[in-house]
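Visitor: Please pick one part of this model and show it to me closely. I would like to know what it touches and how its neighbours lie against it.

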Amino acid sequence: MATTLRIRLILVGRTDRGYVDEGLSDYLGRIGRMAEVETIIVPEERSGEAAHRQRAEGERLLAALKPEERVVVLDERGKAIGSTDFGAKLRAWRDQGGRQVAFVVGGAYGLSDDVRKRADLLLSLSAMTFPHQLVRVILAEQIYRALMILNGKPYHH
């Protein structure tokens with residue numbers, strides 16, 4: 001029997017929209033039945049130009065990461081993969097001993113290059129641009145879907 005994955009969502013800023021919080025909580029509860037899940041909120045930078053905000057938030061994100069964990073950074077320039085391939089990637093990491101995976105979602109001003117460089121996978125959810133708050137729900141649903149695929153459950157069709 002394979003060991004359970006430990007998943008950490010590392011997010012910039014609080015989830016400040018009710019519908020986002022509700023959706024995120026629902027999927028985190030579902031994920032929690034198949035994997036250990038933790039949410040880490042790093043403070044958003046509230047002053048300065050975009051580059052300053054990216055740099056300051058990037059430092060906070062990097063400080064929240066653990067050396068031994070795989071890191072998936074959500075980025076519009078990342079690789080777009082299907083849900084089945086995403087599940088296969090999680091399975092491969094789990095089976096190779098990378099049982100802790102951190103998913104990083106930046107703030108409204110994006111991510112620093114240093115955060116992108118730390119990624120084991122730069123992942124794009126779509127060619128479309130989504131608000132960083134809404135990305136949280138979409139990501140959580142895709143993690144749930146991938147875990148269902150990984151566990152051979154009938155959610156994905």
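Guide: Here is a walk along one helix, α5, beginning at its start and moving on to two helices that pack on it. Please keep in mind that this is a predicted model, in which local features need pLDDT of at least 70, side-chain atom pairs count only at pLDDT 80 or more, and totals for chains, interfaces and linings use all residues. Residues are numbered from 1 along each chain as its sequence is written, and side-chain values use heavy atoms, with hydrogens and water left out.

Helix α5 covers residues 132–150 (helices are DSSP runs of H or I, at least four residues, numbered from the N terminus). H132 belongs to this helix. Leaving aside residues up to four places away in sequence, H132 touches V12, V105, G106, G107 and A108 (contact means heavy atoms within 4.5 Å). Y109 sits 23 residues from H132 along the chain, and their C-alpha atoms are 9.1 Å apart.

Now for the packing partners. Two packed helices are described by the angle and the distance between their axes. Here the axes are lines fitted to C-alpha atoms over the stretch in contact, with angles from 0 to 180 degrees between N-to-C directions.

Take α1 (residues 18–31): its axis comes within 9 Å of that of α5, and the two cross at roughly 20 degrees. That crossing makes α1 roughly parallel to α5 (under 35 degrees is roughly parallel, over 145 roughly antiparallel, 65 to 115 roughly perpendicular, and the rest oblique). The crossing is left-handed (the near helix is turned anticlockwise from the far one by less than a right angle; clockwise would be right-handed). On the α1 side, Y19, V20, G23, L24, Y27, R30 and I31 meet Q133, L134, R136, V137, A140, E141, I143, Y144 and L147 of α5. By class, this contact has 11 nonpolar, two polar and three charged residues (Ala, Val, Leu, Ile, Met, Phe, Trp, Tyr, Cys and Pro are nonpolar, Asp, Glu, Lys and Arg charged, and the others, Gly among them, polar).

Next comes α3 (residues 83–95), whose axis passes within 8 Å of that of α5 and crosses it at roughly 70 degrees. That angle makes α3 roughly perpendicular to α5. The crossing of α3 with α5 is right-handed. S83, T84, F86, G87, L90, R91 and R94 of α3 meet Q142, I143, R145, A146, I149 and L150 of α5. Sorted by class, the α3 contact has six nonpolar, four polar and three charged residues.
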